[in-house]
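User: I would like to go through the fold of this protein by question and answer. Please start with the sheets and then move on to the helices and single residues.

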Amino acid sequence: MKKEMSHRKKVRRRVNKKSTALVFDKYELYRKAVQSAENDVVFIWNTFRELKGKQPRVFREDFCGTFALSTEWIKLHPRHEAVGVDLDPEPMAYGKANYLTKLKPEQQKRMKLVEGNVLDPNLAKADIVAAMNFSYFCFKKRDVLKKYFANVLKTLNKDGMFLVDIFGGSQCYEAIEDAIKHEGFTYYWDQTNFDPVTNEALFHIHFKVGGKKIEQVFTYDWRMWSISEIRDIMEEVGFKKTHVYWEGTAPDGSGDGNFTRVDHGEACQSWIAYVVGEK
């Protein structure tokens, strides 16, 4: 299960009469190379329906960045509400300018943005909380990750659901750079090191546009958590059930984008999965 290894996830050439300079839009490149927000919200909605037998309404996107997922959640149903939480004002400002403005006025009213910490115990309640693109890997200490999971449980509504994505595989223990060509640009996922004592790894995203490679556009200093560790911590803080959704394999050996609930995975060089906790 071999999705483009990343955080999950054509540069636009803007030309006018006065200049032919390329405008490098790192967040647009990131969304096109790494994210699949339109498909992700459908999977999240279907998973909640499968587990809970009813429709969710309020979605909270922790570590939301440009909150692309939240905007797609809003568009999915006229009753949907979304809350995006992130400490970094830069990607949130980008989302406000490029995503929020494209929503209808009525849809914009159903979006709430919080520049704050996901550990804040006063965050808005939600039916679903998601921490996507492996963002929670920034918590390197078990007690801190456990504190975050406990806070999610506290701020979930009754019968709520918590969802995180996760990746791994033998390739994650190696320094390696993968290059994937897209229309108009090339995306690079670069793992520069792995420490087997701490399970910490350093990753970079590079882009090549117009023949020029822009290095370290995004950098991630993470601890590599395992599925079993994530499930154990979820259960320790009080989630009643946990589930694993494993990505299927396409004929060429890559991930096919379809996730199925499983009890066992397979030993791949690179795999992607979701871990879901039920309140």
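## Sheets, helices and selected residues

Analyst: This is a predicted model. One open sheet has 4 strands in the order S6-S7-S8-S9, and the pairing is antiparallel.

User: Which strands stand at the edges of this sheet, and why is one side of each left without a neighbour?

Analyst: The strand order is S6-S7-S8-S9. Each edge strand has a single partner strand, so one side of each has no neighbour in the sheet; these are S6 (176-182) and S9 (212-223).

User: By how many degrees are neighbouring strands of this sheet turned against each other on average?

Analyst: The sheet is the open one with the order S6-S7-S8-S9. With direction ignored, the average turn between its neighbouring strands is 20°.

User: What is the bridge partner of Tyr-188 in S8?

Analyst: Strands S7 (residues 185-195) and S8 (residues 200-209) are antiparallel and pair over 10 bridges. Within S8, the partner of Tyr-188 is His-206.

User: And what is the bridge partner of Asp-178 in S7?

Analyst: S6 and S7 run antiparallel and are joined by 7 bridges. Their hairpin has 2 residues between the strands, and Gly-184 takes a positive phi near 95° there. In S7, Asp-178 has as its bridge partner Trp-189.

User: Which helix lies across S6, S7, S8 and S9?

Analyst: The four strands belong to one open sheet. The helix across them runs at about 105° to S8, covers residues 26-34 and is H1.

User: Is Gln-191 buried or exposed?

Analyst: Gln-191 is placed in strand S7. Among the residues it touches, beyond four places away in sequence, are Tyr-173, Ile-176, Leu-202 and Phe-203. Its relative accessibility is 3%, and the cut-off for burial is under 20%. Gln-191 therefore counts as buried.

User: How far from the backbone oxygen of Glu-174 is a polar atom of the Gln-191 side chain?

Analyst: Glu-174 is one of the residues that Gln-191 touches. The distance from the Glu-174 backbone oxygen to a polar atom of the Gln-191 side chain is 3.4 Å.

User: What is the order of strands in the open sheet of 8 strands?

Analyst: Pairing in this sheet is mixed. S3 (111-115) and S11 (255-262) are at the edges with a single partner strand each, so one side of each lacks a neighbour in the sheet. From one strand to the next, the twist averages 20°. The order is S3-S2-S1-S4-S5-S12-S10-S11.

User: Which residue stands opposite Met-161 in S12?

Analyst: S5 and S12 run antiparallel, joined by 8 bridges. In S12, the residue opposite Met-161 is Glu-278.

User: At what angle does H2 run to S5?

Analyst: Helix H2 (residues 37-52) lies across several strands, including S1, S4 and S12. Its angle to S5 is about 130°.

User: At what angle does H7 run to S12?

Analyst: H7 lies across S5, S10 and S12. Its direction relative to S12 is about 10°.

User: Why are the buried residues of H7 on the same side?

Analyst: The buried residues of H7 (residues 227-237) are Ile-227, Ile-230, Ile-233, Met-234 and Val-237. In an α-helix there are 3.6 residues a turn, so residues three or four places apart point the same way. What covers the buried residues of H7 includes helix H6 and strands S5, S10 and S12. They share one side of H7 because they cover an arc around the axis of only 135°.

User: Which residue follows H7, and what is its phi?

Analyst: The residue after H7 is Gly-238. Its phi is positive, near 125°.

User: Is Phe-67 buried or exposed?

Analyst: Phe-67 lies in the loop between strand S1 (58-62) and helix H3 (68-76). Its phi is positive, near 50°, in a residue other than glycine. With a relative accessible area of 0%, Phe-67 is buried.

User: What is the relative accessible area of Gln-216?

Analyst: Gln-216 is in strand S9. Although not a glycine, Gln-216 has a positive phi of about 50°. It is partly exposed, with a relative accessible area of 47%.

User: How far apart do the C-alpha centres of domain 1 and domain 2 lie?

Analyst: Domain 1 covers 26-168 + 225-278, and domain 2 covers 176-216. Their contact takes 8 residues from domain 1 and 9 residues from domain 2. The C-alpha centres lie apart by 23 Å.

Key
Residues are numbered from 1 along each chain as its sequence is written. This is a predicted model: local features need pLDDT of at least 70, side-chain atom pairs count only at pLDDT 80 or more; totals for chains, interfaces and linings use all residues. Side-chain values use heavy atoms; hydrogens and water are left out. Two strands pair if DSSP finds at least two bridges between them. Axes are lines fitted to C-alpha atoms, for helices over the stretch in contact, and angles run from 0 to 180 degrees between N-to-C directions. Contact means heavy atoms within 4.5 Å. Buried means under 20% relative accessible area, exposed over 50%, partly exposed in between (1.4 Å probe, protein chains only). The arc is that of the directions from the helix axis to the C-beta atoms. A polar contact is a pair of N or O atoms within 3.5 Å; within protein, one must be able to donate a hydrogen and the other to accept it, and residues adjacent in sequence count only if both atoms are side-chain atoms. Domain bounds come from an automatic or database domain assignment.
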